[in-house]
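This report describes the fold of a single protein chain, beginning with its sheet. The sequence and the model are shown below.

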Amino acid sequence: PDVYDKNEIAQKLGIFSTSGKPHPAAIGAIIQQLDIPEDLVLTVPYMKNGHSGSVQKYMYEAVDMIRSWIEDNHNPLMISGNGKSYKVQYKTELAS
């Protein structure tokens, strides 16, 4: 199945930091507010630069839930979660 990490979701939905980079922390803050079913989340092992671990990847239906949250909240310029607030900008020409 097509699965996406938080960085890929940020790119796909056009959510960027004010410096113009995809904003995975803002995506994480949205995910924290949603009740995403476990069957839409995969934990995938990775190895990068000699470091190993795991990362959560989300199926398309979960990405759609995140997109709906953004639309329902009228494309907020500040997204809060995990005790932090993240300032974002939208680049809709990149969103699909």
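## The three-stranded sheet

In this predicted model, three strands form an open sheet in the order β1-β4-β3, and their pairing is antiparallel. The edge positions belong to β1 (3-4) and β3 (41-48); each has a single partner strand, so one side of each is left without a neighbour in the sheet.

The pairing of β3 with β4 is antiparallel and extends over eight bridges. Within this pairing, Val44 has Val55 of β4 as its bridge partner, and Leu42 stands opposite Lys57 in β4. On the other edge, β1 and β4 are joined in the antiparallel sense over two bridges, and here Val3 stands opposite Met59 in β4. As a general point, side chains in a regular strand alternate between the two faces of the sheet.

## The two hairpins

β3 and β4 form a hairpin with two residues between them. Asn49 is located in the loop between these strands, β3 and β4. The phi angle of Asn49 is positive, about 50°, although Asn49 is not a glycine. With a relative accessible area of 69%, Asn49 is exposed.

A further hairpin is formed by β5 and β6, also with two residues between the strands. Four bridges join β5 to β6, and the two strands run antiparallel; Met78 has Lys87 in β6 as its bridge partner. Asn82 lies in the loop between β5 and β6. Its phi is near 55°, a positive value in a residue other than glycine. Asn82 counts as exposed at 52% relative accessibility, a value to be read against the cut-off for exposed residues, which is over 50%.

## Packing around helix α2

Which residues of helix α2 are buried? In this helix, which spans residues 24-33, they are Ala26, Ile27, Gly28, Ala29, Ile30 and Ile31.

Against which elements do the buried residues of α2 pack? Two helices are among the elements contacted, α1 (6-13) and α3 (60-72). The strands contacted are β2 (15-16), β4 (51-59), β5 (78-81) and β6 (84-87). The buried residues of α2 thus pack against β4, a strand of the open sheet, and against β5 and β6, the two strands of a hairpin.

## The chain as a whole

The protein chain has three helices and seven strands. Read from the N terminus, the elements follow the order β-α-β-α-β-β-α-β-β-β. The radius of gyration is 13 Å, close to the 12 Å that the globule rule gives for 96 residues, so the chain is as compact as a globular protein of that length. Along the principal axes, the C-alpha atoms fill a box of roughly 35 × 30 × 30 Å.

Of the 96 residues in the chain, 35% are buried. Where contacts join residues at least 6 apart in sequence, 56% of them join residues at least 24 apart.

## Surface and charge

The accessible surface of the protein chain comes to about 6000 Å². Carbon and sulfur atoms account for 48% of this surface. The chain has 9 positive and 11 negative charges, and the mean positions of the two sets are 13 Å apart.

Key
Residues numbered from 1 in each chain as written. Predicted model: local features only at pLDDT ≥ 70, side-chain atom pairs only at ≥ 80, totals over all residues. Heavy atoms only, no water. Rg over C-alpha atoms; globule rule 2.2 N^0.38 Å. Buried < 20%, exposed > 50% of the residue type's maximum accessible area, 1.4 Å probe, protein only. Contact = heavy atoms within 4.5 Å. Areas by Shrake-Rupley, 256 points an atom, 1.4 Å probe, with all protein chains shown as cover. Lys, Arg positive; Asp, Glu negative; His and termini not counted. Charge placed at Lys NZ, Arg CZ, Asp CG, Glu CD. Pairing = 2+ DSSP bridges.
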